[in-house]
Amino acid sequence: MGELNRSTQVIEAGEGAAFATTKLEAMLAWAQKYSLFMYPFVTACCGMEFMSVSSPRYDFSRFGSEAPRFSPRQSDLLWVVGTITQRQAPILKRIYEQMAEPKWVLAFGTCAACGGFYDNYACVAGVDKIIPCDVYVPGCPPRPEGVLDGLMLLQDKIQSGDRRPGIVKPRHDPAVDQGLGLIDLKRAVKA
Amino acid sequence: MAQALIDLIKRQFPSAVLETHSQHGDDTLVLNALAWKSVAEFLCSSPDAAMNMLVDLTVVDYAEREPRFEVVAHLLSLSLGHRLRLKARVGNPEGEGAAIASLTEIWASANWAEREAFDMFGVTFIGHTDLRRILMYPEFEGYPLRRDYPADKIQPLIPYREIPGIEKVAPFGRDEGMSFGRQVHARWAEDPEDPQAN
């Protein structure tokens, strides 16, 4: 299909036509963001958290990201889940290059985002050294809520056409304030 | 615990055993590197020892010592239940001449364990049929777990992307990031005043 042509193409029909074009783009972006076919490029422990995010409790399929496609030809969102080693890097690059435009990359976990706690001869410190990345979800592993935040952030970016990379910020967990005896945690959160 | 086992080997190979010690229930024998294979064969085939499992084989780099590398093999007898650790020292301080007999003909699990030892330390196993790198890629130069391999040396297999400031993202330089991060042995630190060299 190729790159969606985002340049203004005003149809020479009348005044309201430009409105129709941008509305068309918005509608296409809406369709794209709510039907992300993901490629879960899972290498390490974050894969366990990926599985729990896909489980009914947290469930990313309610955001439209229902179908994992294990073929780069059929997917538009590359989830890089887990550590990427130097030896795995050419494989990741090839998978990314085989995906068709428009495509996005979500770095799941700190190993994929920045190398995590691995600072050695074997690991690539972050997937953005190999391929461009759109959303970084930090965490080791990230909470499922954090991953869903990352997915929603990506959806906002798709809707607005913003290709700048974004990082998911940590959130205050409402479950902490329930007074269930988590006194120290409450103190730490309030501090 | 297996003092009888140690005595058996000492009787059988009096010149091969350099040291023994038993601590916390573990028995260790330090052997002459030339007797490595014959002691291992004896331990596997002798009915009193019957060490039919090589649990692991690895190498330790004592960079200040001569010989430098210590090849460590852990053996287990599944029928008799006793364990033994064998050690042998090879290699000169520059890391050359580290060669020892391969145990692949005795235990098949030695195959990959020796390949890993070769990949990480550069110890050659004589008689190994397919001694090549197992964890690192063939283009990798050097032996990463040796003490003199720079801890912050990165050898990318595919070149990193050309984006401005890529060197400023992790991994960080010596003076950036976490202070408890990378330790560099003072002997090989490029800058002797380096605060992170210990």
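**Exercise 1.** In this predicted model, determine how many bridges join strand β4 of chain B to strand β5 of chain B, and in which direction the two strands run relative to each other.

*Solution.* Begin with the residue ranges, which are 69–76 for β4 and 83–90 for β5, both in chain B. Between these two strands there are 8 bridges, and the strands run antiparallel. As a single instance of residue pairing, Glu70(B) has Arg89(B) in β5(B) as its bridge partner.

**Exercise 2.** Place this pair in its sheet, and explain why β1 and β3 of chain B each have one side without a neighbour.

*Solution.* The sheet of chain B is open and consists of 5 strands, whose order is β1-β2-β5-β4-β3, with mixed pairing. Because β1 (17–23) and β3 (53–61) of chain B stand at the edges and have a single partner strand each, one side of each lacks a neighbour in the sheet. On average, and with direction ignored, neighbouring strands are turned by 20° against each other. Helix α3 of chain B, residues 110–121, packs on this sheet, where it touches β3 and β4 of chain B, and its direction makes about 10° with that of β3(B).

**Exercise 3.** Decide whether Lys37(B) is buried, partly exposed or exposed, and describe its surroundings.

*Solution.* Locate the residue first: Lys37(B) belongs to helix α2 of chain B, which covers residues 36–45. Next, count the other C-beta atoms within 10 Å, which number 17; since 20 or more would make a residue buried and 12 or fewer exposed, Lys37(B) is partly exposed. Beyond its neighbours within four places in sequence, Lys37(B) is in contact with Ala101(B) and Leu103(B). Finally, Glu105(B) is 68 residues from Lys37(B) in sequence, while their C-alpha atoms are 9.5 Å apart in space.

Key
Residues numbered from 1 in each chain as written. Chains lettered and ligands numbered in written order. Predicted model: local features only at pLDDT ≥ 70, side-chain atom pairs only at ≥ 80, totals over all residues. Pairing = 2+ DSSP bridges. Helix = DSSP H or I, 4+ residues; strand = E, 2+ residues; numbered from the N terminus. Axes fitted to C-alpha atoms, helices over the stretch in contact; angles between N-to-C directions. Contact = placed C-beta atoms within 7 Å.
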